[in-house]
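Visitor: I'd love a close look at one part of this structure. Could you pick a spot and walk me through it?

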Amino acid sequence: MRTYLLRRLAQSLIVLLGISAVVFVILHLTGDPTLLMLPPDATAEEIARFRRAMGFDDPLYVQYWRFLKGAVQGNFGNSLRHDEPALALVWQRMPATIELTAVALGVALALAIPAGIVSAAFRNTAIDYVSTVVALVGQAMPTFWLGIMLILIFSVGLQLLPSSGRGGVANLILPALTLGFFTTARIMRLTRSGMLEVLGQDYVRTARAKGVGEPRVVWKHALKNAAIPVVTIVGLELGTLLGGAVITETIFAWPGVGRLSVQAIYNRDYPVVQAAVFLLASIFVLVNLIVDILYTYLDPRIRIR
Amino acid sequence: MDASGVETLRLPRTAAWWHSETWALTRRLIRRRTALFGLVVLVAVVGAAFLAPLLAPFDPLEQEITQRLKPPGGTDERGRVHLLGTDHLGRDILSRILFGSRIALLVAFSAVVIAGILGLVIGLVSGYFGGRVDDVFMRLADIQLAFPFILLAIAIIGVLGPNLRNIIIVVGISGWVVYARIVRGEVLSLREREFVQAAIAMGSANRRVILRHIVPNAFTPWLVIATLDMARVIILESALSFLGLGVPPPTPTWGGMLADGRVYLSTAWWLATFPGLAILLTVLGINLLGDGLRDTFDPRLKV
């Protein structure tokens, strides 16, 4: 058990190191980050001064080492636009993104798991077909289009809900639904297929043979076992959600990290982009580590490996 | 006892009606029909892309300021019908959607080929040789998966500049992980099979074993993934276009049309609605076809 956790921890650290390398490389893709970060009308003297100030004259490995040292200390340099530490800017926006992602995930789980269970328990009935169609459409629906359609219906048409900004619960409804829909569809299909598999197992038949009532079979005997793949995917879905947040936040003018990074890319404010990408990827790694640890409690077989 | 004198045994009907054989057959039929539907949609989209110049009622770039924001079904002064309306520059939306399918399919096809070949090679090497190589590639896969992909893609394309080539390269290179993992898994199990062991025992070179014995057997799952991956790429490409980091205007892209339409949401709903429907339908078709392929050829595959 302990070796498993240690190995998992070491893996996570390697992944974080890899992430830092990728984030560093982004800026050097064109060869000269200076031209990328300065406005096109900058003079040669300004360019030279900026290059020296940022240390872009040094060999790449020196620059990477400096970047890595900074990143470990949470220092990604100052935002070129706001003259504030880049990480501080990203950090300020983090609560909004976490709020949105957490609510979206919560909504997705609250809708998808019961729907998946009911779908499996009433396999091939009207209920099952309806939820399958919803899931199929949900997986094919681009996030940004769903967001726009929801705005069109609920904000422009019915004028029930606000279409932008952060504030009360009303502001949260449309963005959370938009962000969570794809995940809902995926978890629903996964829960359904997981339940169908489990419901065909011998121990379920035994439970039924013993005279255990159907609801108890489904909720007590089957669900816990069907939950294992769902728990794994929840960790991975977080990546989808954090990525989706970039688009959802842009559509709904939600003041989170995603919107900040899109604006930073438009503004060529690369320290902020680097800080945001690094932070979001790190959160993803951390959550997946936690999921794996939880997993060993759910499925004791893993501890042996 | 019936009239013929034969005693028939009447078994109690334990199975519910949906377990009956008729239903099972119907279900199979429905399942095949969804795959068929997917195929039809995909063929239609490919047809639209190839025949866009013939099918499109208007030039997709033709601006007609007097005709701007005409609702679906509106006609211009010469009596030509804008079936899906016009956009803020008076361009015909149907024509733009038809031409937009070209970019969507071009990116989807090219990126899937790049990702698929890259993933196939990595999966083969990783699974066949194992050890250190395998460890390195699987850690790389973890690193790749840790990024909120869209954010990484927009960061890279923001740096490199948005154009067709860069989009295909970025989307293609970033997609290898799924292929590599599935192919690797296939290779691991194929390696232990008798025919592969026999080939190795007879002294076949690694290259021959891989190309003659492993690749043909790992192809079906690869094809299923490639089909489903096209859907991912189409959504990604339109998301990039939506954020203004796709193929630059005036080339019509579905995502770009949506972004334009977003501005006119309160006055002209059709601008954003129809391009999105095109994406939805295309992606749905591809997904259904992919699911059908998987169920028919490789039901064990979990994707």
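Visitor: Among contacts in chain B between residues at least 6 apart in sequence, what percentage join residues at least 24 apart? And please take me to the place where α4(B) and α5(B) pack.

Guide: Happy to! Keep in mind that this is a predicted model. For chain B, 71% of the contacts between residues at least 6 apart in sequence join residues at least 24 apart. The chain holds 10 helices and 2 strands, arranged along the sequence as α-β-β-α-α-α-α-α-α-α-α-α. Of its 303 residues, 47% are buried.

Now to your helices. In chain B, α4 spans residues 149-160 and α5 spans residues 164-173; their axes lie 10 Å apart, at an angle of about 150 degrees. The crossing of α4(B) and α5(B) is right-handed. From α4(B) come Ala153(B), Ile156(B), Ile157(B) and Leu160(B), which meet Asn166(B), Ile167(B), Val170(B) and Val171(B) of α5(B). By class, this contact has 7 nonpolar residues, 1 polar and no charged.

Ala153(B) deserves a pause. Leaving out residues up to four places away in sequence, Ala153(B) touches Val170(B) and Val171(B), and also Ser174(B), Leu236(B) and Leu240(B). Ala153(B) is also one of the residues that touch the most other members of the largest nonpolar core, a set of 165 residues. Ile154(B) and Ala155(B) are among them too, along with Val90(A), Ala276(A), Val277(A) and Leu280(A) from chain A.

How values were computed: Residues are numbered from 1 along each chain as its sequence is written. Chains are lettered from A and ligands numbered from 1 in the order in which they are written. This is a predicted model: local features need pLDDT of at least 70, side-chain atom pairs count only at pLDDT 80 or more; totals for chains, interfaces and linings use all residues. A nonpolar core is a set of buried Ala, Val, Leu, Ile, Met, Phe, Trp, Tyr and Cys residues joined through C-beta atoms within 7 Å. A residue is buried if 20 or more other C-beta atoms lie within 10 Å of its own, exposed if 12 or fewer, and partly exposed in between; C-beta atoms are placed from the backbone. Two residues are in contact if their C-beta atoms, placed from the backbone, lie within 7 Å. Helices (H or I, at least four residues) and strands (E, at least two) are DSSP runs, numbered from the N terminus. Axes are lines fitted to C-alpha atoms, for helices over the stretch in contact, and angles run from 0 to 180 degrees between N-to-C directions. A crossing is left-handed if the near helix is turned anticlockwise from the far one by less than a right angle, and right-handed if clockwise. Ala, Val, Leu, Ile, Met, Phe, Trp, Tyr, Cys and Pro count as nonpolar, Asp, Glu, Lys and Arg as charged, and the others, Gly among them, as polar.
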